[in-house]
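Open the structure in a viewer and keep the sequence panel beside it. Each stop below says what to select and what is found there.

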Amino acid sequence: MALQCRLSGTTIQSLKMAAIPISSSSSRLIFRPLPKALNLALFSRHSPPRASPFTLLVKALSAPAVTAAPATEISDNKVVKPQWKAAIDFKWIRDNKEAVAVNIKNRNSNANLELVLELYDKMLNLQKEVERLRGERNTVANKMKGKLETSERQRLVEEGKNLKESLMTLEEDLIRLRDELQLEAQCIPNMTHPDVPIGGEDSSKLRNMVGSPCKFDFPVKDHLQIGKALDLFDFDAAAEVSGSKFYYLKNEAVMLEMALVNWTMTEVMKRGFTPLTTPEIVRSSVVEKCGFQPRGENTQVYSIEDSDQCLIGTAEIPVGGIHMDSIIAESSLPLKYVAFSHCFRTEAGAAGTATRGLYRVHQFSKVEMFILCSPEESDFYHEELTKIEEDLFQSLGLHYKTLDMATGDLGAPAYRKFDVEAWMPGLGRYGEISSASNCTDYQSRRLGIRYRPSEPSPTTSKKGKAGLATTRFVHTLNATACAVPRMLVCLLENFQQEDGSVIIPSPLRPFMGGIELVSPKFR
């Protein structure tokens with residue numbers, strides 16, 4: 001999809017979603033889908049649970065970012081050079097291939113483990129051959145330093161020339177093979193927490209249920225009917241201006257969005273989070289390193305044509321990148337951020353009545369929480385993020401349930417994910433309003449975010465330069481504090497009254513100038 005227009009002689013940058021083909025053979029043309037300071041107030045950091053030994057499985061499948069040249073095609077074997085490289089532990093993957101294979105299957109991933117292992121073996125063999133030729137070249141070079149007969153010197157010159165040419169060819173092949181291995185291995189998803197249920201979304205496990213569905217003694221309206229009667233939004237005009245799945249908020253709905261954002265930011269900041277606003281256009285490489293797909297047929301990301309930039313689908317991406325390629329002091333951890341941004345999603349493949357109105361749109365406002373912490377504490381902070389979400393939704397009087405999402409519903413970066421679904425009476429079902437994911441070191445290894453422990457780990461005596469402890473990768477976690485459109489759906493549908501009005505939950509009223517009720521407008 002592409003859009004370009006010209007106004008008053010000025011060209012507006014076009015947007016498009018570029019489809020990039022994938023094939024499966026080892027000699028194929030590879031176009032891989034380039035597939036959230038202050039003191040903690042309410043939660044104790046003392047004695048967070050120890051990490052499960054199973055989390056060690058995660059380390060091999062993530063990698064630090066290494067800046068490289070923009071993607072270029074090598075014409076001989078038609079392998080695309082990766083824009084960034086991941087230092088994946090291929091030996092670990094080979095030694096634990098059964099566990100990795102099961103994980104790939106459970107998560108319905110299209111990663112080709114057999115090809116990765118095949119390419120890795122080829123790379124090792126080619127690397128040995130390159131090293132052998134380098135040794136022979138050095139031997140010839142050393143022989144030529146001595147006093148030699150003319151014929152012998154000429155023979156060594158010729159031998160050295162042949163070795164150089166052979167070595168250049170093999171080194172080019174090795175680079176090409178490493179690039180292909182990189183692209184294939186980056187498709188392997190994060191490992192999975194051992195307690196995550198196996199299966200599709202229906203296999204997800206209930207963790208918590210709060211409240212019960214509202215009971216109405218009058219016909220229930222959905223948020224579209226309520227919004228039209230109260231003159232709160234306009235989809236028709238937005239469709240003419242921008243296309244389907246866009247909207248104008250009007251009147252009290254505008255104030256309600258601002259109230260939700262400001263109230264949420266205020267509440268989360270009380271828990272020790274640093275507030276941020278973020279860039280809403282980022283480099284494609286940062287999107288990739290966070291585990292999202294900026295290219296491909298079903299991408300959710302809007303890419304900017306003729307550039308390496310994308311519109312963000314969540315503030316998780318720019319917040320994740322804020323410490324890219326850096327080493328953080330252990331004393332600074334955890335780093336907790338709460339970020340407000342606009343988000344843009346293609347919603348490719350979304351259709352049906354369940355996506356009508358505000359439930360699934362291309363542009364929306366969102367407040368996102370993001371934590372960087374030590375590996376031993378990530379399970380603890382995953383629970384904390386989920387508790388913050390639940391506290392917020394319970395304060396608004398919503399009926400919701402929290403689910404431990406099954407393997408088939410996990411994105412590539414997530415080690416474990418908890419979703420919160422709220423009851424939406426107009427839709428007659430639960431709808432997702434939030435999720436909290438522990439991505440362990442999957443993102444930080446790609447983004448190059450490390451920390452330096454105060455002391456060497458008890459499991460290793462290794463020290464870095466100047467006797468400092470060896471750096472480790474942080475764990476990253478993200479969670480939605482408030483996705484505005486879905487919160488509007490919940491509030492309008494759950495707090496509707498028989499006379500057509502909607503009650504504003506008491507926590508939001510101070511942020512709406514004291515408005516307690518949105519009433520029909522009589523003309």
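Begin by selecting S437 together with its surroundings. Leaving out residues up to four places away in sequence, S437 touches H382, A414, R416, K417, T476, L477 and N478, where contact means heavy atoms within 4.5 Å. S437 belongs to strand β19, residues 429-438. Its relative accessibility is 7%, so S437 counts as buried; buried means under 20% relative accessible area, exposed over 50%, and partly exposed in between, with a 1.4 Å probe and protein chains only.

Some notes on the model come next. This is a predicted model in which local features need pLDDT of at least 70 and side-chain atom pairs count only at pLDDT 80 or more, while totals for chains, interfaces and linings use all residues. Residues are numbered from 1 along each chain as its sequence is written, and side-chain values use heavy atoms, with hydrogens and water left out.

Now zoom out to the whole protein. It has 12 helices and 24 strands; helices (H or I, at least four residues) and strands (E, at least two) are DSSP runs, numbered from the N terminus. Of the 523 residues, 50% count as buried. The exposed area is about 24,900 Å², and carbon and sulfur atoms supply 52% of it; accessible areas come from the Shrake-Rupley method with a 1.4 Å probe, and for residues only the protein chains shown count as cover.

**The sheet around β19**

Select the eight strands of the open sheet, in the order β7-β17-β18-β19-β22-β16-β15-β10, with mixed pairing. Two strands pair if DSSP finds at least two bridges between them. The edge strands, each pairing on one side only, are β7 (205-210) and β10. On average, and with direction ignored, neighbouring strands of this sheet are turned by 25° against each other. Such angles run from 0 to 180 degrees between N-to-C directions, and axes are lines fitted to C-alpha atoms, for helices over the stretch in contact.

Within the sheet, pick β17 (residues 400-404) and β18 (residues 416-424): they pair in the antiparallel sense over five bridges. Y400 has A422 in β18 as its bridge partner.

Then add helix α10, residues 378-395. Helix α10 lies across β7, β15 (335-344), β16 (363-373), β17, β18, β19 and β22 (475-483), and runs at about 150° to β19.

At the edge strand β10 (residues 274-277), select T277. With 68% relative accessibility, T277 counts as exposed. Measure across to V338: the two residues are 61 apart in sequence, and their C-alpha atoms are 8.6 Å apart in space.

**Helix α7 and the loop before it**

Select N251, in the loop between β9 (248-249) and α7. N251 is not a glycine, yet its phi is positive, about 50°. At 37% relative accessibility, N251 counts as partly exposed.

Continue into α7, residues 252-269. How far apart are the end C-alpha atoms of its 18 residues? They are 25 Å apart, which agrees with the 26 Å expected at 1.5 Å a residue; the expected span is 1.5 Å times one less than the number of residues. Among the buried residues of α7 are L256, L260, W263 and M265.

**Two more loops**

Go to D306, in the loop between β12 (303-304) and β13 (309-311). D306 also has a positive phi, near 60°, in a residue other than glycine. Its relative accessible area is 75%, so D306 is exposed.

Next select P334, in the loop between β14 (326-329) and β15. The peptide bond from L333 to P334 is cis, with omega near 0°.

**Strand β20 and its partners**

Select β20, residues 449-452, and show its side chains. I449 and Y451 point to one face and are buried, whereas R450 and R452 point to the other and are not. On one pairing, β14 and β20 run parallel over four bridges, and I328 stands opposite Y451. On another, two bridges join β20 to the antiparallel strand β21 (residues 472-473), where R472 is the bridge partner of Y451.

**Cysteines**

Finish with C439, which is buried, with a relative accessible area of 2%. Why does C439 have no bond to C290? The sulfur of C290 is the closest cysteine sulfur to that of C439, but at 8.7 Å it is too far for a bond. A disulfide is a pair of cysteine sulfur atoms within 2.5 Å, and by this rule the count is zero. C187 is buried too, at 15% relative accessibility.
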